[in-house]
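Hi everyone, thanks for making time for this. Have the sequence and the 3D view open while I talk, and stop me whenever something is unclear.

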Amino acid sequence: MNVLLSPQPPFFPHQQEPSRRSPPRTMSHYTMASRKRKADDDDNEMSVSPTGSPAINSRQLSRPSKKVRAGIELAGRPLPLPRLLETLDKSQLRAVLQRICERHPDIGHEVMTSAPRPSVNGALEVLGEYQDKLRAAIPFGNSSSEYTYFRVKQPLMALVDGLGDFTPQFLPPVEQQTTVSLEYLNHATKIIHDLPDFDSQQYRHHKDGAYDEISRAWALVITEAAKRGGGFHLHNGKWDQVLAKHNQQSGGKLEQAMNAMVNEVGWIGANPNAHGQGSSSDPNSILNQLINGTYGAPVQVGPF
């Protein structure tokens with residue numbers, strides 16, 4: 001009997017071993033939340049990162065570059081001229097400029113022609129500095145004239161020399177405005193009043209000489225002012241009274257200036273010490289004509 005057997009597949013030994021399968025992965029809720037947060041963080045970094053911006057990626061960020069002086073060794077060197085001038089104070093700068101002008105007269109002439117003219121306030125400020133030095137040199141207490149003079153001699157001469165240099169700057173024809181000249185002379189005379197008085201005559205010559213010079217300056221300005229409008233602004237500014245007070249305080253040492261006031265502007269009055277009471281009461285006087293506005297008008301003669 002033939003027995004029909006069903007065909008059997010070929011036998012391979014390794015197929016008999018049970019297949020090894022990985023255990024099924026179970027993803028917990030915590031793991032999923034962590035991965036989601038990580039993905040969100042990555043997206044945020046990409047959105048704020050400079051490298052993630054196409055506008056910034058298209059160009060490179062520029063950084064300030066240091067300038068390196070190649071081939072120059074570090075060594076000591078003098079300051080440049082502008083920096084050197086910044087370190088000088090007013091007195092040092094003035095001394096340097098003065099020495100340069102003395103060595104080079106052409107530069108000195110250029111400075112003289114280019115510098116602005118000093119004002120009255122500027123001149124008085126310089127004289128005030130000399131005056132402060134003089135006051136600081138006066139000894140305390142009762143001292144002899146000889147001791148006091150030698151203590152103040154140097155600042156005293158500096159102040160008197162300063163007055164002698166500044167006064168011509170404010171006189172005609174250099175100064176055209178008599179009001180400016182009179183303003184300076186008024187303050188300069190006050191400075192002379194404050195100079196120390198010495199008992200000995202040999203030590204008073206500085207102050208007496210200053211009075212003599214300022215008196216001649218007053219006379220020159222008064223003469224020039226008399227040529228303009230009959231010197232009306234002298235009376236209008238009460239300069240006759242100012243000069244009379246200065247003369248009284250000086251002990252009559254401004255006699256030349258007082259004579260100029262009487263002779264050149266006689267209509268003010270023959271006695272300027274009367275402080276304005278010497279003006280003429282004549283209605284036809286120059287003063288009254290200037291006040292009434294009739295100066296220079298035709299004179300009416302007769303009953304008309």
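I'll go through confidence, then the core, then the salt bridges, and end at the surface.

Before anything else, please keep in mind that this is a predicted model. So how confident is the predictor? Averaged over the chain, the pLDDT is 78, and 63% of the residues score at least 70. Confidence peaks in helix H8, residues 178–193, at a mean of 96, and is lowest in helix H13, residues 286–292, at a mean of 50. Two stretches fall below 50. One is residues 270–281, which has 20 contacts in the model beyond near neighbours in sequence. The other is residues 300–304, and there the count of such contacts is 0. Keep those two stretches in mind when you rotate the view.

Now let's go inside. How many residues are in the largest nonpolar core? The number is 44, and the residues with the most contacts inside this core are Tyr184, Leu185, Leu195, Trp218, Leu234 and Leu243. Which elements give two or more residues to the core? They are H6, H7, H8, H9, helix H11 (239–249) and helix H12 (255–264). Of these, H9 gives the most, with 10 residues.

Let's zoom in on Trp218, one of the residues I just listed. Leaving out residues up to four places away in sequence, Trp218 touches Leu182, Leu185, Asn186, Thr189, Trp239, Leu243, His246 and Ala257. Two of those names may sound familiar, since Leu185 and Leu243 were also on the list of residues with the most core contacts.

Staying with H9, have a look at His206, which is found in that helix. Is His206 buried or exposed? His206 is buried, because its relative accessible area is 13%, and the cut-off for buried is under 20%. Its contacts, leaving aside neighbours within four places in sequence, are Tyr149, Leu156, Met157 and Val160.

Next topic: charges. Side chains of opposite charge can pair when their charged atoms come close. A search of the whole structure finds 9 salt bridges, and I've picked three to show you.

The opening example is Glu175 with Arg117, whose side chains meet at 3.1 Å, N to O. This pair links distant parts of the chain: Glu175 sits in the loop between helix H7 (145–166) and H8, Arg117 sits in the loop between helix H5 (105–114) and H6, and they are 58 residues apart. The two partners also differ in how they are covered. Glu175 is buried, with a relative accessible area of 9%, whereas Arg117, at 44%, counts as partly exposed.

The next example is Arg135 with Asp194, at 3.9 Å, N to O. Here too the pair links distant parts of the chain, with Arg135 in helix H6 and Asp194 in the loop between H8 and helix H9 (205–226), 59 residues apart. Arg135 is partly exposed at 48%, and Asp194 is partly exposed at 49%.

My last example is Asp212 with Arg216, where the side chains meet at 3.4 Å, N to O. How many residues separate these two in helix H9? They are 4 residues apart, so about one helical turn lies between them. Asp212, at 40% relative accessibility, counts as partly exposed, and so does Arg216, at 43%. Going back to Arg135 and Asp194 for a moment, salt bridges that share partners join them with Asp132 into one network.

Finally, the surface. There is a nonpolar surface patch of about 460 Å², made by Leu79, Leu81, Leu84, Leu85 and Leu93. Which helix gives the largest share of the nonpolar patch? It is helix H3, residues 81–86, with 3 residues. Leu93, on the other hand, lies in helix H4, residues 90–103. At a relative accessible area of 38%, Leu93 is partly exposed.

One more stop: Lys133, in helix H6, residues 120–137. Its relative accessibility is 55%, and because the cut-off for exposed is over 50%, Lys133 counts as exposed. From Lys133 you can also look across to Leu159: they are 26 residues apart in sequence and 9.0 Å apart in space, C-alpha to C-alpha.

That's my tour. Thanks for listening, and I'm happy to go back to any part of it.

Technical notes: Residues are numbered from 1 along each chain as its sequence is written. This is a predicted model: local features need pLDDT of at least 70, side-chain atom pairs count only at pLDDT 80 or more; totals for chains, interfaces and linings use all residues. Side-chain values use heavy atoms; hydrogens and water are left out. Buried means under 20% relative accessible area, exposed over 50%, partly exposed in between (1.4 Å probe, protein chains only). pLDDT is the predictor's confidence in each residue, from 0 to 100. Contact means heavy atoms within 4.5 Å. Patches are made of residues with over 30% relative accessible area and no salt bridge: like charges are joined within 9 Å, nonpolar side chains (Val, Leu, Ile, Met, Phe, Trp, Tyr) within 5 Å. Accessible areas come from the Shrake-Rupley method with a 1.4 Å probe; for residues, only the protein chains shown count as cover. A salt bridge is a side-chain nitrogen of Lys or Arg within 4 Å of a carboxyl oxygen of Asp or Glu. A nonpolar core is a set of buried Ala, Val, Leu, Ile, Met, Phe, Trp, Tyr and Cys residues joined through side-chain atoms within 4.5 Å.
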